[in-house]
Amino acid sequence: MIGIIGYGSYLPRYRIKVESIAKEWGSDPESIKRGLKLFEKTVPGLDEDTITIAVQASKYAVKRAGINPEEIGAVYIGSESHPYAVKPSGTVLIEALGIGNDVHVASYEFACKAGTEAMFVAYCLVKANEVKYALAIGADTSQGAPGDALEYSASAGGAAFIMGKENVVAEILFTNSFTSDTPDFWRREHEFYPRHAGRFTGEPAYFKHVVNAGKLLLEKSAMKPEDFDYAVFHMPNGKFPQMAAKKLGFTKEQIETGWIVPWMGNTYSGSSPTGLSAVLDVAKPGDKIFMVSFGSGAGSDGFVFKVTDKIVDVQDKAPKLRDMLDNNKIYLDYGEYAKFREKIILNE
Amino acid sequence: MITPKYVREIPQRYRLEAAKCKNCSYISFPPRLVCPKCKSRSFDTIRLSDEGKILTFTIIRVSSDIFSHQTPYGVAVIETSEGAKLMAMIADTKIEDIAIGKKVKLIFRKIRDEGVSGIHCYGYKAVVI
Ligand SMILES: [Zn+2]
């Protein structure tokens, strides 16, 4: 049996409400809350970035897995906000966790699906018997340009998964991917904020890839939507995953547990991975989970998980996603938020 | 440029590696060559837990330039559950919640940047729980 042996997620404590952003740009918060189903989002502290988020999520994953970190043979961090343009994020992480030097490390990039890309490769390395354990992380501290629609959603957080063969808590039954050249969202080298193609990001990008990957995954697994207890989709806003679920034949109840975006925002590479960790926090042995990520550019990765008896032994060993989402919040106003996100130019 | 010194200190700054005296069990953080208690020179390398409490603290309102947009912030002397003492910036905590005796967790954070084009320097901070 191959799959997840430990998982962990992390969200910063800081939040900003949709109202605080809308007020600054003369937008109507009610229409954003209704239209995009977004209420508030996480904001990283000035001392947080993709690396620190990945480290914290991974520490929780190691705790749940109960393994010696030195036995981890591969570390892949997927993000679109790696702190360095050139220098892998994972090099810092292996030192912080005490993984040692006998390890493969790489940064992954594929807009919002870099995390699931890392999960796929980690899973395959274990399956191929190349490494005993492989650690995959999706984490981001994404930015939207001031006044842009993305500013309401771009948030910070991440999740980490350790793949292995013993004491599996969620077996990976099937995986797939659906990819095409679709320029819906991009950021050129040296540009600070990403750009997107407005409405083009919906139908020809998100829905085309999520729905096609989802359909192919159902075909490949010979399973039907009603065979699953939970479904998790990439969450660029609250509405898109609900619509994708409906198109594929999943119910609101099936996506409810992993649908954390209204209060978290879009954590990009951490989006569907944090949704999955919220599901694993409460899943019961035997539950089946359907997951499809999405990354602009564009592509979707699909996974079918089957939760094992071991899940109940690990759920309480580290903080749960919903607890981090609902408690210990520190709200920022727009001025503090602009400072935290370094949107204002300071003297050197 | 602080890179060489930064790299030497990674085991302590990233994962709280300390030296435990093989003779009298005194814990030195950062590690020392000679035990300050019994003068022994043999140690085991241990990793401090992430739990501790505030022994004393101060609030920085006027900082050096690199921390100027983080003021006001706390800096505390922390005693870890093993009895090691270390100094750390306080993160994610309102300054009115910082007090002597409060329990803290040591977390991994970015401490500073070497200017706009230099490296990011990471290390431990303490958050009041
Ligand atoms: Zn001694």
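Buried area, as I use it here, is the accessible area (1.4 Å probe) that two parts lose on being put together, summed over both.

**Ground rules**

I'm working on a predicted model, so to speak with the caveat that local features need pLDDT of at least 70 and side-chain atom pairs count only at pLDDT 80 or more, while totals for chains, interfaces and linings use all residues. Residues are numbered from 1 along each chain as its sequence is written, chains are lettered from A and ligands numbered from 1 in the order in which they are written, and side-chain values use heavy atoms, with hydrogens and water left out.

**Entry 1: the A/B interface**

I looked up the buried area first: chain A and chain B bury about 2000 Å² between them, 50% of it on carbon and sulfur atoms. On the chain A side, A:D47, A:Y84 and A:E95 lose the most area to chain B, together 26% of what that side buries. Counting contacts (heavy atoms within 4.5 Å), I get 24 residues from chain A and 19 residues from chain B.

Next I checked salt bridges, meaning a side-chain nitrogen of Lys or Arg within 4 Å of a carboxyl oxygen of Asp or Glu. The rule finds four of them across the interface of chain A and chain B. One residue from the area list turns up again: A:D47 meets B:K125 in a salt bridge, 2.8 Å from N to O. I then followed the links outward and found a salt-bridge network made of A:D47, A:E48, B:D92, B:R109 and B:K125.

**Entry 2: salt bridges elsewhere**

Over all chains the count comes to 24 salt bridges. I picked three pairs in chain A to look at. For accessibility I use these classes: buried is under 20% relative accessible area, exposed is over 50%, and partly exposed is in between (1.4 Å probe, protein chains only). Helices (H or I, at least four residues) and strands (E, at least two) are DSSP runs, numbered from the N terminus.

- A:R15 and A:E40 form a salt bridge at 4.0 Å, N to O. A:R15 is in strand β2 (residues 14-17) of chain A and A:E40 in strand β3 (residues 40-43) of chain A, so the pair ties together parts 25 residues apart in sequence. I find both A:R15 and A:E40 buried.
- A:E71 and A:K132 have their closest N and O atoms 3.1 Å apart in a salt bridge. This pair links distant parts of the chain, 61 residues apart: A:E71 is in the loop between α3 (50-65) and β4 (72-78) of chain A, and A:K132 in the loop between α5 (114-127) and β6 (133-141) of chain A. A:E71 is partly exposed at 35% relative accessibility, and A:K132 is partly exposed at 39%.
- A:D316 and A:K320 meet in a salt bridge at 2.7 Å, N to O. Here A:D316 is exposed at 65%, whereas A:K320 is partly exposed at 22%.

**Entry 3: the zinc site in chain B**

Which residues coordinate the zinc ion? I find B:C21, B:C24, B:C35 and B:C38, each through SG, at 2.3 to 2.4 Å. Donors here are N, O and S atoms within 2.8 Å of the metal (3.2 Å for Na, K and Ca); water is not among the atoms, so sites may look incomplete. The four donor atoms subtend angles of 100 to 115°, which makes the arrangement tetrahedral (four donors, all angles between 85 and 135 degrees). Along the chain, the donors follow the spacing C-x2-C-x10-C-x2-C. Within the set, B:C24 and B:C38 link distant parts of the chain, 14 residues apart: B:C24 is in the loop between β1 (17-21) and β2 (27-28) of chain B, B:C38 in the loop between β2 and β3 (43-47) of chain B. B:C24 is partly exposed at 26%, and B:C38 is partly exposed at 26%.

**Entry 4: the sheet around those loops**

I noted three strands of chain B in an open sheet, in the order β2-β1-β3, with antiparallel pairing. Strands pair if DSSP finds at least two bridges between them. The edge strands are β2 and β3 of chain B, each pairing on one side only.β1(B) and β2(B) pair over two bridges, with B:K20 standing opposite B:I27 in β2(B). β1(B) and β3(B) pair over five bridges, and B:A19 has B:T45 as its bridge partner in β3(B). The hairpin of β1(B) and β2(B) has five residues between the strands, and there B:S25 takes a positive phi near 70°. Last check: four of the five residues of β1(B) are buried, so this strand is largely enclosed by the rest of the structure.

Notes
Four donors count as tetrahedral if all angles lie between 85 and 135 degrees; four count as square planar and six as octahedral if opposite donors are over 155 degrees apart and all others between 65 and 115; anything else is irregular.
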